[in-house]
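User: Please take a close look at a single helix in this model and at what surrounds it. I would like one connected account rather than a list.

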Amino acid sequence: MDDMKYMSAALEEARKAAAAGETPVGCVIVNGEGRIIAAAHNRTEELRDATRHAELEAIRAAGDRRLEDCALYVTMEPCPMCAGAIMLSRVGRVIFGARDPRMGSCGSVINLFMENYGRSPAVRGGVMEKECGGILSDFFAKLR
């Protein structure tokens, strides 16, 4: 799969989040045929719900509880909640951009996918890391 192409699509979702005043995290899910089947961004402020992270929104939008042949592209390293949902929905591959030193659960704080849960996706981090991190830095700089 073309990781840059799909991460660019996730970045478009992150831009939508930023425009809406949300933490700019975007996510797309790509099926085994290379087609984007879900695209989403953070909606925690809009819906006043801490569980409305981009990954969970995309998993919901994919419309299937089993996503074995799918890849999930997200602009920021998944948190523990999202990592759990990724495992439960059986996503086959996770590709993320910026690392999250506070909540990252793909290696920055802990790697939940390395624990003995029985099923874990393949993970690749740092894809378009500069671009993904930049949108987050710009957003938070404007808030200060």
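The helix in question is α5, residues 129-143. Which of its residues are buried and which are exposed, and what covers the buried ones?

Analyst: The model is predicted, and what follows starts with α5 and then moves to its surroundings.

Helix α5 has 15 residues. From its first C-alpha to its last, α5 reaches 21 Å, close to the 21 Å expected at 1.5 Å a residue. The buried residues in α5 are Cys132, Gly133, Ile135, Leu136 and Phe139. These residues lie on the same side of α5, because they cover an arc of only 155 degrees around the axis. Lys130 and Lys142, on the other side of the helix, are exposed.

The cover over the buried residues of α5 includes helix α1 (3-19) and the strands β3 (71-76) and β4 (93-98). One contact with α1 can be named: Met7 touches Cys132. Leaving aside neighbours within four places in sequence, Met7 is also in contact with Tyr73, Val74, Thr75, Ile95, Phe96, Gly97, Val127 and Met128. Met7 is, with Ile29, Leu72 and Tyr73, one of the residues that touch the most other members of the largest nonpolar core, which has 43 residues. Helix α5 gives two or more residues to this core, and so do α1, β1 (26-30), β2 (36-41), α3 (54-62), β3, α4 (80-88) and β4.

Next come the aromatic rings. The count is 2 aromatic pairs. In one of them, the rings of Tyr6 and Tyr73 have their centres 5.3 Å apart and their planes at 45 degrees, so this pair is tilted. Tyr6 lies in helix α1 and Tyr73 in strand β3, so the pair ties together parts that are 67 residues apart in sequence. Both rings belong to buried residues: the relative accessible area of Tyr6 is 6%, and that of Tyr73 is 0%. The rings of Phe139 and Phe140 also pair; their centres are 5.2 Å apart and their planes stand at 80 degrees, so this pair is edge-to-face. Phe139, one of the buried residues of α5, has a relative accessible area of 12%. Phe140 is partly exposed, at 31%.

Charged side chains add another set of links. Side chains of opposite charge can pair when their charged atoms come close. The count is 8 salt bridges. One of these joins Arg124 to Asp3, at 2.5 Å from N to O. Arg124 belongs to strand β5 (residues 122-124) and Asp3 to helix α1, so this bridge links distant parts of the chain, 121 residues apart. Arg124 is partly exposed, with a relative accessible area of 44%, whereas Asp3 is buried, at 7%.

Helix α1 also holds a salt bridge between two of its own residues, Glu13 and Lys16. The N to O distance is 2.9 Å, and the two residues are 3 apart, about one turn of the helix. Glu13 is buried, with a relative accessible area of 8%, while Lys16 is partly exposed, at 46%.

A further bridge pairs Arg43 with Glu46, with the closest N and O atoms 3.0 Å apart. Arg43 is partly exposed, at 25% relative accessibility, and Glu46 is exposed, at 51%. Through shared partners, salt bridges join Arg43, Glu46, Arg52, Glu57 and Arg60 into one network.

Methods
Residues numbered from 1 in each chain as written. Predicted model: local features only at pLDDT ≥ 70, side-chain atom pairs only at ≥ 80, totals over all residues. Heavy atoms only, no water. Helix = DSSP H or I, 4+ residues; strand = E, 2+ residues; numbered from the N terminus. Expected span 1.5 Å × (residues − 1). Buried < 20%, exposed > 50% of the residue type's maximum accessible area, 1.4 Å probe, protein only. Arc of directions from axis to C-beta. Contact = heavy atoms within 4.5 Å. Core = buried A, V, L, I, M, F, W, Y, C linked by side-chain atoms within 4.5 Å. Phe/Tyr/Trp six-rings, centres within 6.5 Å; stacked < 30°, edge-to-face > 60°. Salt bridge = Lys/Arg side-chain N within 4 Å of Asp/Glu carboxyl O.
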